[in-house]
Amino acid sequence: MGEKMYKLLGADGEFYESETKGEFGGNGKLKIYGRMDCGTALATIRRYPGVYEQHRVFFADEKTALAAGFRPCGNCLRKKYQEYMADPQAYKAKFGL
C-alpha cells in the first residue's frame, strides 16, 4: 500500500498531490487561511456539514497561502491578521513576495 497523499493548493492557485500534510487550512471562497485547529473553521464545519468542506483548501506553508492570494485568519492568527491588515505588502515582503 502506498503513502497517503494530500491535495494541497500551490502558490499558482493549482492543486497538487503531496505526501506531506498541509500546515495551514483555508477557505477558498473567502481567501482566508489559518491553523488546522482554528475554532472558527471547526465551528463552521460543525454548523454547516458538507458546505464549508466544499471550499476547504490546504497549504504547505504560510508563504504559499499568501502567494495564492489568501490572508491570515482574524481569529486563530490574530496578530498576523492585524499586521497583514495594517500593511499587506509589507507583510508579504517578509516572505519574499
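A residue counts as buried when its relative accessible area is under 20%, as exposed when that area is over 50%, and as partly exposed in between. The exercises below concern a predicted model.

**Exercise 1. Determine whether Phe59 is buried or exposed, and describe its pairing with Phe70.**

Solution. Step one: the relative accessibility of Phe59 is 0%, so Phe59 counts as buried. Step two: Phe70 has a relative accessibility of 1%, and therefore counts as buried. Step three: the ring centres of Phe59 and Phe70 are 4.8 Å apart, with the planes at 70°. An angle over 60 degrees counts as edge-to-face, so this pair is edge-to-face. Step four: the pair links distant parts of the chain, 11 residues apart. Phe59 belongs to strand S5 (residues 56–59), whereas Phe70 lies in the loop between helix H2 (62–67) and strand S6 (71–72).

**Exercise 2. State how many aromatic pairs a search of the whole structure finds, and characterise the one formed by Phe24 and Tyr33.**

Solution. Step one: the search yields 4 aromatic pairs. Step two: for Phe24 and Tyr33, the separation is 5.6 Å centre to centre and the angle between the planes is 85°, an edge-to-face arrangement. Step three: Phe24 has a relative accessible area of 7% and is therefore buried. Tyr33, with 1%, is buried as well. Step four: elsewhere, ring pairs join Tyr84, Tyr91 and Phe95 into a cluster.

**Exercise 3. Locate Ser18 and identify what surrounds it.**

Solution. Step one: Ser18 is placed in strand S2, which covers residues 15–18. Step two: its relative accessibility is 13%, so Ser18 counts as buried. Step three: the side chain of Ser18 reaches the backbone nitrogen of Thr20 at a distance of 3.0 Å. Step four: once neighbours within four places in sequence are set aside, Ser18 is in contact with Lys4, Met5, Tyr6 and Leu8.

**Exercise 4. Explain what is notable about phi of Lys31, and give the setting of this residue.**

Solution. Step one: most residues other than glycine have a negative phi. Step two: phi of Lys31 is near 60°, a positive value in a residue that is not glycine. Step three: Lys31 is found in the loop between strand S3 (24–27) and strand S4 (32–35). Step four: its relative accessible area is 37%, so Lys31 is partly exposed.

**Exercise 5. Find the ring over which the charged end of Lys7 sits.**

Solution. The ring is that of Phe15, and the charged end of Lys7 sits 4.7 Å from its centre.

Note on methods
Residues are numbered from 1 along each chain as its sequence is written. This is a predicted model: local features need pLDDT of at least 70, side-chain atom pairs count only at pLDDT 80 or more; totals for chains, interfaces and linings use all residues. Side-chain values use heavy atoms; hydrogens and water are left out. Helices (H or I, at least four residues) and strands (E, at least two) are DSSP runs, numbered from the N terminus. Buried means under 20% relative accessible area, exposed over 50%, partly exposed in between (1.4 Å probe, protein chains only). A polar contact is a pair of N or O atoms within 3.5 Å; within protein, one must be able to donate a hydrogen and the other to accept it, and residues adjacent in sequence count only if both atoms are side-chain atoms. Contact means heavy atoms within 4.5 Å. Rings of Phe, Tyr and Trp (its six-membered ring) pair if their centres lie within 6.5 Å; planes under 30 degrees apart count as stacked, over 60 as edge-to-face and the rest as tilted. A charge sits over a ring if NZ of Lys or CZ of Arg is within 6 Å of the ring centre and within 35 degrees of the ring normal.
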